[in-house]
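Trainee: I'd like a close look at one part of this model, please. Could you start from a single residue and work outwards, so that I can follow along on the picture?

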Amino acid sequence: MKQMNCLLAGLPDTGKSTYIGGLWYNLENQSSKMKMKASRELVDDTQHLESLSDKWLEGVRVDRTTEDKSSSVELRIEQKDNGNVLNINIPDFSGETFRQIIEMTNSKDLDDWCEAADTLFYMANNLDPGHFEDDDNIGTVEGEKKNDEVPPFNSQKMSACAQNIMVLKYLLGRKQFKKMIFAISCWDKVTGNGINPENPESWLKSHSPVLYNFLKDQQPDSLIIGISAQGLDYEGIDDDAVITNKTKSGERAFVEIGDEIKYDLSLPLYMLINE
Ligand SMILES: Nc1nc2c(ncn2[C@@H]2O[C@H](COP(=O)(O)OP(=O)(O)OP(=O)(O)O)[C@@H](O)[C@H]2O)c(=O)[nH]1
Ligand SMILES: [Mg+2]
């Protein structure tokens, strides 16, 4: 059986675990809009998958991933167009594990995973361009007393763009991935829950030019997509029926590739395998 190791990476709160939960629910329930489905021959341990997909179905946020080691998730899936069955290993690492890269306290588990991975699926949502709080006192108005005190280093105060570049530089430096996807998560917020498509690549280019430039320079073939694993923001939804109806119709979670919205969370994996 064909095997693919896909490193699912991203800073804290970027939607990695939610993606795994939504993906598994839709694979298992064989959404007709998807290119892949769960194979009938299940893997031995689906406990972590089931707990994430139950939360997705209920429309409640998943817990932050806290363990130092990843809960490795094995998906056995069938490609509908040719019947090929393959195993995809995706680790559910905590975002803190990736933040440790910036603090140079990297985890061995992550390094080993990086070594074993053939493809990279990188998720990001906060893409603010470079503002460094440490620099706030530079260039104060003439006459004002300049504050020479530089605050202690705090990786969380660096701009999101700088944090993402540092993590990506580390991962791309360790391994030459065969393929890479850069997914901007919470894409429901940008597109009004998928009603107003917005080209993800153009969006990244205009909202975070340095990050876009870095990606295109380091990994020119990387695919930039938008992804909404929840399909909508849970905050502010008073009536659960809104979520239930979207789930039943198979038009809840979506990805946007180019200018096309597709209700298929398996599509990025399909592209990593086949293109
Ligand atoms: N609006 C919206 N919110 C989302 C989406 N996906 C995840 N979220 C929210 O983003 C937050 C983080 O989601 P997680 O899946 O826990 O993110 P994570 O990357 O696994 O986080 P760590 O485990 O801390 O690394 C939660 O509050 C989710 O409800 C989405 O598609 N749309
Ligand atoms: Mg998580």
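**Around the first helix**

Mentor: Let's begin with Asp13, which sits in the loop between β1 (2-9) and α1. Keep in mind that you are looking at a predicted model. Asp13 has a phi near 65 degrees, so to speak on the positive side, and it is not a glycine. Most residues other than glycine have a negative phi, hence my choice of starting point. Is Asp13 buried, exposed or partly exposed? A residue needs 20 or more other C-beta atoms within 10 Å to be buried, and 12 or fewer to be exposed. Asp13 has 15 of them, so it counts as partly exposed.

Now hop over to the loop between α1 and β2 (36-38), where you'll find Gln30. Here, too, phi is positive, at about 50 degrees, in a residue that is not a glycine. Gln30 has 13 other C-beta atoms within 10 Å, so it is partly exposed.

Next, bring ligand 1 into view. How many residues surround it? There are 23, and the closest are Gly15, Thr18, Arg61, Thr65 and Gly95. Two elements each give two or more residues to this shell: α1 (16-28) and α6 (187-191). The largest share comes from α1, with three residues. Sorted by class, the shell has eleven polar, seven charged and five nonpolar residues.

Thr18 is worth a second click. Besides being one of the residues closest to ligand 1, Thr18 is among the α1 residues that meet helix α2. So let's look at that helix pair. Two packed helices are described by the angle between their axes and the distance between the axes. For α1 and α2 (residues 47-58), the axes come within 7 Å and cross at roughly 85 degrees. An angle from 65 to 115 degrees counts as roughly perpendicular, and that is why α1 is called roughly perpendicular to α2. On the α1 side, Ser17, Thr18, Ile20, Gly21, Gly22, Trp24 and Tyr25 take part. Facing them in α2 are Leu49, Leu52, Ser53, Lys55, Trp56 and Leu57. By class, that contact has seven nonpolar, five polar and one charged residues.

Gly15, another of the residues closest to ligand 1, leads us somewhere else. Both Gly15 and Thr14 are touched by Asn125, which lies in the loop between β5 (119-124) and α5. Leaving out residues up to four places away in sequence, Asn125 also touches Ile184, Ser185 and Cys186. Asn125 has 18 C-beta neighbours inside 10 Å, so it counts as partly exposed. For a sense of scale, try Asn125 and Ser72: they are 53 residues apart along the chain, and their C-alpha atoms are separated by 23 Å.

A little before that loop in the sequence comes Tyr122. Setting aside neighbours within four places in sequence, Tyr122 contacts Ala9, Gly10, Leu168, Met180, Ile181, Phe182 and Ala183. Nonpolar side chains tend to be buried together in soluble globular proteins. In this model the largest nonpolar core has 68 residues, and Cys6, Leu7, Leu120, Phe121, Tyr122 and Ala183 are those with the most contacts inside it.

Let's finish with two helices, starting from α6, since we met it in the ligand shell. Lys189 has its place in α6 and is partly exposed, because 14 other C-beta atoms lie within 10 Å. From Lys189 to Asp109 you cover 80 residues in sequence and 33 Å in space, C-alpha to C-alpha.

Then there's Glu96, in helix α3. Glu96 is partly exposed as well, with 16 other C-beta atoms within 10 Å. Glu96 and Glu67 are 29 residues apart in sequence, with 9.4 Å between their C-alpha atoms. As for its helix, α3 (residues 95-102) packs against α5 at an angle of about 90 degrees, with axes 9 Å apart. That makes α3 roughly perpendicular to α5. In this pair, Phe98, Ile101 and Ile102 of α3 meet Gln163, Met166, Val167 and Tyr170 of α5. Six of these residues are nonpolar, one is polar and none is charged.

Terms used: Residues are numbered from 1 along each chain as its sequence is written. Chains are lettered from A and ligands numbered from 1 in the order in which they are written. This is a predicted model: local features need pLDDT of at least 70, side-chain atom pairs count only at pLDDT 80 or more; totals for chains, interfaces and linings use all residues. A residue is near a molecule or strand if its C-beta atom, placed from the backbone, lies within 6 Å of it. Helices (H or I, at least four residues) and strands (E, at least two) are DSSP runs, numbered from the N terminus. Ala, Val, Leu, Ile, Met, Phe, Trp, Tyr, Cys and Pro count as nonpolar, Asp, Glu, Lys and Arg as charged, and the others, Gly among them, as polar. A nonpolar core is a set of buried Ala, Val, Leu, Ile, Met, Phe, Trp, Tyr and Cys residues joined through C-beta atoms within 7 Å. Two residues are in contact if their C-beta atoms, placed from the backbone, lie within 7 Å. Axes are lines fitted to C-alpha atoms, for helices over the stretch in contact, and angles run from 0 to 180 degrees between N-to-C directions. Angles under 35 degrees count as roughly parallel, over 145 as roughly antiparallel, 65 to 115 as roughly perpendicular and the rest as oblique.
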